[in-house]
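Let's take a stroll through the sheets of this protein and see which helices sit against them. Have the picture ready as you read.

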Amino acid sequence: MTKIAVIDKAPNKTRYSDYFKFEFDHYHMSSVPITKLLKKDVDLEVDLEPYDFVILVGAEAAKEYAKITSVTNYAGQLVNDKFIPISNPAMLAFKPEGKPDFQRAVDKIHKYIEGTLRPASEGDYKGISDTAEAIEFFQEVLANAQGYVALDTETTALYPRDGYVLGLSMSYKSKHGRYILTDCLDEECLSLLDQIVKTFNIVFHNMKFDYKMIKYHLGQDFDHSRVHDTMVMHYVLDEADSHGLKQLALKYTDYGDYDAELDDFKKEYCAKHGILQDDFTYDLIPFDVISRYAAIDTAVTYDLFQKFWPIVQKNDKLRYVYEQILIPGTLFLMDMEEVGIPISRERLEAANKYLDEQIQQAKEAVYGFEAVKQFEKDSGKIFNPNSVMQLRVVLFDYLGLQPTGKKTATGAISTDAEVLEQLSEEHPLPAAILKVRQLGKIQNTYIQKILPELDRDSRIRTNFNLTFTTSGRLSSSGKFNAQQIPRDDPIIKGCIKAPPGYKIVSQDLTTAEMYYAAVLSGDKNLQQVFSSGGDFHSTIAKMVFNLPCSVEEVKKLYGSMRQSAKAISFGILYGSGAKKVSETVTKATGEYYPLEQAQSDIKQYFSRFNKLKNWLDTRKAFIEQNGYTYSFFGRKRRLPNVFSSDKGIAAHEVRSGINAEVQSLASDVNLLGAILTANKVKEKGLDAKIFMLVHDSIVALVKDEDVVEYCEILKRSTQHDWGCGIPGAPIGVDQDIGDDYSFGHFDEYYRIEGDKLSRVQAG
């Protein structure tokens, strides 16, 4: 008889017999109820040897007994032929989003115990290092593949210019894969590879990475109409989940933790040779170790495709998003990333020296305060402005400032930028510390990170991601986060500079979210604001508050009312109430804006735009009832936490859904406009290349003589009729043209003489 144990953190009200239909022994790591379990609290003594399976409930048990740090990734997975981690079912009441994964894990547990499921150790996975054998395999693929072939690479770096391709993995059927060393690929091999690519649909997992590597190093291109990406496919099916290949293999296949041997090798190698795991590269792995792992990679990709693709095909909306937006978007971003962001190395190096001086001066100002001197005298330590612990002592103990009430995730008193800004109104020291932090962040996050990563053409190539946000907006990661470039200080934007003979052209969508809120709600009054032209927020203020002046005079004569209209317009899409509007307007105008006034203004706002209010209420009700919503183009936003027993979580989920409807539409229109622009530019043969998408803007490098034509193409492409516009009033765009991305603001603030950067004196 199979013997089973269940181990959880501490005594609780959960009835595991409601989930597990088999007999089991139940143990607690702590014999007394406890919220946070520490090592000293564990008093369980049990011999697990007699048990065939041990079910570990929650992170504490999984870490203690199976050495697993992520229950989410390993839920329902058999570890070391005995342990099966699973999330705590008590959390499902608060976060219902976990129910599908929990049930999937429970089902797998039952199959393990019944003996109907075991990790797939069987299969035909081999490495190929001989040219003749590679040729034979490619011919086998051509003769036997049924429509789809999975392809993957193992490389020495994350970017094509930083390393090379070690080998190619390929699978054309389930439980089968080959890893081919690139050293053995001759002209005949590459010719056969080209035939495979032209004959079959090619399936990648994270296509943008592998496609770029193969194209750059092996010269192989792909038919854009015959490529698939299981990472993107899974994003369409579950935007909130992890899309990594290993996580999906654990969750949706029976391959299990197939690369555990590789992870062990990596850890042992790093420990033995004294290198960091982040510095480890795959060329350090022996061929016989990496070949099986790499071959299984494409086998997993192939099986995931067979599982995901039929589901996507059955839903017309999801299929449209996948085929018409996300796959074209992935291919466009791949090309855009390869263009690279043009950087002036001279400006960057000068800015680095300038910031060294500014940071030193800012620190000296901090050290000049009596409270800091006294702290250093009492503690015997040099004050570190970046030390949260020291900062709390100086601000609240030595200066006697009152905490703002804002807490960190762990419940400690916060000293973040928002807190320091508030405290600056009471004493100059927080402002001085904030300046040190801000200058240091610019230098460390941007300048010192960019300089060593510049390619030989003085461009930095980073990542733009389609599958990282649930709202559908792009994100950026890697060598340079292009979505987080400082706005208030043009020092970084000024370093993004066009070479001689070119201009940087940037186009922004104008009040995009409010425009698409007007479209989606069908509110004719709100649509009229866009049809009439003029300053949006001034027009809104005049309409809502019946101001006795022209739209052009609103900003000057009724500034606070314009700010009120602006705060309400943006706030309603994010669920802001009267309190938040009051705070926003007070901060923007410097004059107290009473809560009662905010409540009255919001009421008046919605009386003017009542269809917008009705739409928001309708979407809220739909989301609360169904737990999901679709965007205009068909993106599905799954919102199971609307059913949470925690009202705060449920309310946040509703707001996320409404935000996604509006934000994803604006983002998709911008992306589609960029794709259409790139295609038109190519057709026309213009010397213009988009190198960056930042929020609602499209940024390109354009030859001087092509600027006018490019700007017209860009505007027409963005305002293309996608079926989601206001008749006679397409989405507005603002275009900037300049020698650098600051569009003249860098020269207003700074002067460069030789290799020295200095601040231009105001006035």
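## The four-stranded sheet

Four strands line up here as β18-β19-β15-β20, making an open sheet with antiparallel pairing. At its edges you'll find β18 (688-694) and β20 (733-738), each pairing on one side only. On average, neighbouring strands in this sheet are turned by 20° against each other, direction ignored. Keep in mind that this is a predicted model.

Zoom in on β15 (residues 502-509): six bridges join this strand to β20, and the two run antiparallel. One spot to look for is D508, which stands opposite D734 in β20.

Which helix packs on this sheet? That's α25 (residues 647-684), touching β15, β18 and β19 (697-703). The direction of α25 makes about 170° with that of β18.

## The six-stranded sheet

Now for another open sheet, this time with six strands in the order β5-β8-β7-β6-β9-β10 and mixed pairing. The edge strands are β5 (124-128) and β10 (227-229); each has a single partner strand, so one side of each is left without a neighbour in the sheet. Here the average turn between neighbouring strands is 25°, direction ignored.

Inside this sheet, β7 (residues 165-171) and β8 (residues 176-181) pair in the antiparallel sense over four bridges. For instance, L168 has I180 in β8 as its bridge partner.

## Helices on the six-stranded sheet

Helix α6 (residues 207-218) packs on this sheet and touches β6 (148-155), β7, β9 (201-204) and β10. The α6 direction makes about 75° with that of β6.

Helix α10 (residues 287-314) packs on the sheet too, touching β5, β6, β7, β8, β9 and β10. For α10, the angle with the direction of β6 is about 140°.

Definitions and conventions
Residues are numbered from 1 along each chain as its sequence is written. This is a predicted model: local features need pLDDT of at least 70, side-chain atom pairs count only at pLDDT 80 or more; totals for chains, interfaces and linings use all residues. Side-chain values use heavy atoms; hydrogens and water are left out. Two strands pair if DSSP finds at least two bridges between them. Axes are lines fitted to C-alpha atoms, for helices over the stretch in contact, and angles run from 0 to 180 degrees between N-to-C directions. Contact means heavy atoms within 4.5 Å.
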